[in-house]
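Work through these exercises with the structure open. Try each task before you read its solution.

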Amino acid sequence: MNAPEALIQTIWRDIQAVRGQAPLIVNITNYVVTNNTANSLLALGASPAMNHVAEDLPGLVNLAGALVVNIGTLADDYVVGMHTAMAQANDMDMPIVLDPVAAGVNGLRTNISREFLDKYHPAILRGNASEIMAVAGEDGKPKGVDTSMGVDEACGAARALNERYGCVVLVSGETDLVVGADREMRLAGGSAMMPRVTGLGCTCTALAGAFAAVQPDFFQAAVDTAAVMNMAGEQAAEVSPGPGSLQMHLHDALYLLDEDTVRARLKVVES
């Protein structure tokens, strides 16, 4: 579980890069989590823009460091905005982070996730085990936006998606799994209370956009994301009697995260 010194230093440098550069991260996300994810990006040090209107997105994307697309609310105007923004991001060679929320619940969500992967080549795909398995064509047994599957059960699906689409795959769970072309890493931490707060997976996706904006190695950006969510979630849970205060303390933990915390709390799991 002890993390290599080089990894500690890299994660800390990337946190500092987010704070120093304050990249604009454009988020087309669901209306359940918009406020929480925006505040999490601000707490980490990035600058969020939350919009789905196709006519408004080109100007925002033009200024951004990364684009985050979350399919939680698939109204028609959201989908139009997603296509507009991702096409422009591709033209600009800008990293895209895709969250296939509730893929596997119905054909619409599964198919549009695959369409986005095939057409726009996201840098990072972030989801829970059920979502990742569904996008890969396996039965992930989803429970709405939640999962009934473990990260290890999604490992083969993550590898298949990486091979097919070239994206780094971040599978969130009790232990997080990051899969790249020739690298894999598992990270632990967080808290069992975190699934009791809506949208913390979506928060993880948004933070992946911040790290992808400053770290061109997208495998490392995904590792940064999992590590920071785990460390901040663990730290927040220690001072939170329940999920209501956990959300508040998570923002505080992201804001206060320092090198000593990374050194003390980063947990890499042996494969």
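**Exercise 1. A helix pair**

At what angle do helix α4 and helix α5 pack, and how many Å apart are their axes? This is a predicted model.

*Solution.*
Step 1. Find the two helices: α4 covers residues 76-91, and α5 covers residues 107-120.
Step 2. Read the geometry. The helices pack at an angle of about 20 degrees, and their axes are 10 Å apart.
Step 3. Classify the angle. Angles under 35 degrees count as roughly parallel, so α4 is roughly parallel to α5.
Step 4. Add the handedness. The crossing of α4 past α5 is right-handed.

**Exercise 2. The contact between the helices**

Which residues of α4 and α5 make the contact? Sort them by class.

*Solution.*
Step 1. List the α4 side: Val79, Met82, His83, Met86, Ala87 and Asn90.
Step 2. List the α5 side: Ile112, Glu115, Phe116, Lys119 and Tyr120.
Step 3. Count by class. The contact of α4 with α5 holds seven nonpolar, two polar and two charged residues.

**Exercise 3. Two residues with positive phi**

Is aspartate 93 buried or exposed? Ask the question again for alanine 102: buried or exposed?

*Solution.*
Step 1. Place aspartate 93. This residue sits in the loop between α4 and β4 (96-99).
Step 2. Check its backbone. Aspartate 93 is not a glycine, yet its phi is positive, about 55 degrees.
Step 3. Check its accessibility. The relative accessible area of aspartate 93 is 71%. Exposed means over 50%, so aspartate 93 is exposed.
Step 4. Place alanine 102. This residue belongs to the loop between β4 and α5.
Step 5. Check its backbone. Alanine 102 has a positive phi near 60 degrees, and it is a residue other than glycine.
Step 6. Check its accessibility. The relative accessible area of alanine 102 is 5%. Buried means under 20%, so alanine 102 is buried.

**Exercise 4. The whole chain**

How many helices and strands does the protein chain have? Then compare its radius of gyration with the globule rule.

*Solution.*
Step 1. Count the elements. The protein chain has 11 helices and 11 strands.
Step 2. Compare the radii. The radius of gyration is 17 Å, close to the 18 Å that the globule rule gives for 271 residues, so the chain is as compact as a globular protein of that length.
Step 3. Add the box. Along the principal axes, the C-alpha atoms of the chain fill roughly 45 × 40 × 35 Å.
Step 4. Look at burial. Of the 271 residues in the chain, 59% are buried.
Step 5. Look at contacts. Take those with a separation of 6 or more: residues 24 or more positions apart account for 70% of them.

Key
Residues are numbered from 1 along each chain as its sequence is written. This is a predicted model: local features need pLDDT of at least 70, side-chain atom pairs count only at pLDDT 80 or more; totals for chains, interfaces and linings use all residues. Side-chain values use heavy atoms; hydrogens and water are left out. Axes are lines fitted to C-alpha atoms, for helices over the stretch in contact, and angles run from 0 to 180 degrees between N-to-C directions. Helices (H or I, at least four residues) and strands (E, at least two) are DSSP runs, numbered from the N terminus. Angles under 35 degrees count as roughly parallel, over 145 as roughly antiparallel, 65 to 115 as roughly perpendicular and the rest as oblique. A crossing is left-handed if the near helix is turned anticlockwise from the far one by less than a right angle, and right-handed if clockwise. Contact means heavy atoms within 4.5 Å. Ala, Val, Leu, Ile, Met, Phe, Trp, Tyr, Cys and Pro count as nonpolar, Asp, Glu, Lys and Arg as charged, and the others, Gly among them, as polar. The radius of gyration is taken over C-alpha atoms; the globule rule is 2.2 Å times the number of residues to the power 0.38. Buried means under 20% relative accessible area, exposed over 50%, partly exposed in between (1.4 Å probe, protein chains only).
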